[in-house]
Amino acid sequence: MTTRLDQTPGPTRRIGDLVVALRPLSADVPWMEAWRTLAAAPAFDNLFYDPDFAIPAAGPFGRGVHVMLVGDRPPEEAGLKLLALWPLQVTRTRWGVPIPLALGWMHPFGIFGVPLLDSADPARAFTALFEGLRSVGLRRAMLTHVPTEGPFADLLAQWARTARARRAPFWAHARAFLDLTAKTSSERASYLGHLSARRRRRLRQSRERLEMQAPLLFETARGPDAVSSALDDFIALEGRGWKGEAGTALARQPAEAAFVAAAARAFAARGDMRVDRLARDGQSLASALTFVTRGQAWCLKIAFDEAAARDSPGALHLHHLTRSLLDDSRISSADSCAPPDFFLAETFWAERLPLAHILVETAAGDPLYPFAARLEGFRASAVRRLKRWRAGRAAAAKDADRKDAD
């Protein structure tokens, strides 16, 4: 549960020659131009904190969300240059006791939480961000879904050493990732060579079965009009499956559908949106929504025709999508945005992106940090046990259904 802060401007503090401010997330913020400038070339790309994604997402998911800003002047002043931006929610009941926590904004469509940082000096921006949190009384923070290896993890570690601030990872997991950084054209062309002979044979057999009725077509929609039409098709396809029955499909969630449509329109207008679909005789068998920030692709959602599931249209589609990304020299990496152990993505994308939530002191000496860390550990353990229990019940129910059928 988060504490809903009011929508009036929050605190503003000066730290050296920089200004830090906590402000409500809103579509009409006076610092939108500075936000767009920072998001266009940050030290670390993050689709979910790009304003063309974050502002539409605030419709269904933005209750109580504020933004910690670091700039060269107060955010309401003209000419602002932003050095850091981090959407967050302040919670005082995460652990059932009144311990305040700055929790990085996350939601079902927002699963990467690295703050936007100035690429010229990310260390300075990150330091000021945490000094800003401390200055407004937030002594501990949770960075959500951040890498535990690589440049950002190194930056966090260096800051923690310098600040003598404790940090601890929780909820560690990894998801499929396509890393093409520094790969030559020949290495990109041979990337899928890791697929086994058995997997290649199954893909060939899937195509042959699906093409018994009509030839397959893999196509990519990119322009605003094409993306809009393809998105409508995606929503209809997803709604016909189990997500539609469960009520979680976009077709059953109007506010979420409106957010995705708005974000897709904005990115399509920038030339940074693609909807890929595998079709037969004009009917979609599988479709995927992919956003792009510079050379980073984010495969946000995928759906397939469950009536054709035995012929694996989802696998065949992802195979085509992967080859299309490999052929696009502008793409240097792709995040599957998939849950841990999602077999389909892990089949084709060989790399893994290790992630965790990191509980951090905003400065050394927080007397409640050890207690907060223990409570987060208990919380994580309890959730894991609950998931195992639910999985066991689901497996038992399936077994019982099989026995009844026999």
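Visitor: Is His320 buried or exposed?

Guide: His320 is buried, because its relative accessibility is 12%. Buried means under 20% relative accessible area, exposed over 50% and partly exposed in between, with a 1.4 Å probe and protein chains only. Keep in mind that this is a predicted model, where local features need pLDDT of at least 70, side-chain atom pairs count only at pLDDT 80 or more, and totals for chains, interfaces and linings use all residues. Residues are numbered from 1 along each chain as its sequence is written, and side-chain values use heavy atoms, with hydrogens and water left out.

Visitor: Which element holds His320, and what does His320 touch?

Guide: You'll find His320 in helix α10. Helices (H or I, at least four residues) and strands (E, at least two) are DSSP runs numbered from the N terminus. Leaving aside residues up to four places away in sequence, His320 touches Arg207, Phe218 and Leu278; contact means heavy atoms within 4.5 Å.

Visitor: Now a strand. Which way do the residues of β5 point?

Guide: In β5 (residues 101–104), Leu101 and Leu103 point one way, Ala102 and Gly104 point the other way, and all are buried.

Visitor: Which strands does β5 pair with?

Guide: Two strands pair if DSSP finds at least two bridges between them. With β4 (residues 82–91), β5 pairs in the antiparallel sense over 4 bridges, and Thr91 has Leu101 of β5 as its bridge partner. With β7 (residues 140–147), the pairing of β5 is parallel, over 2 bridges; there Leu103 has Met142 of β7 as its bridge partner.

Visitor: What about empty space? How is the largest pocket lined?

Guide: Picture a 1 Å grid over the protein atoms alone: a pocket is an open set of points where a 1.4 Å probe fits, with protein on both sides within 12 Å along at least five of seven lines, and lining residues have an atom within 4 Å of a point. The largest pocket is lined by 48 residues, and Lys243, Cys337, Ala338, Pro339 and Phe342 lie nearest its centre. Elements giving two or more residues to this lining include α10 (313–327) and α12 (369–405), while β12 gives the most, with 6 residues. Its volume is about 1600 Å³, meaning the space filled by probe spheres set on the points, which are joined across faces, edges and corners.

Visitor: And how much space lies in the second largest pocket?

Guide: About 580 Å³. It is lined by 24 residues, with Pro147, Pro151, Phe177, Gln296 and Leu353 closest to its centre. Here β14 gives the most to the lining, with 4 residues.
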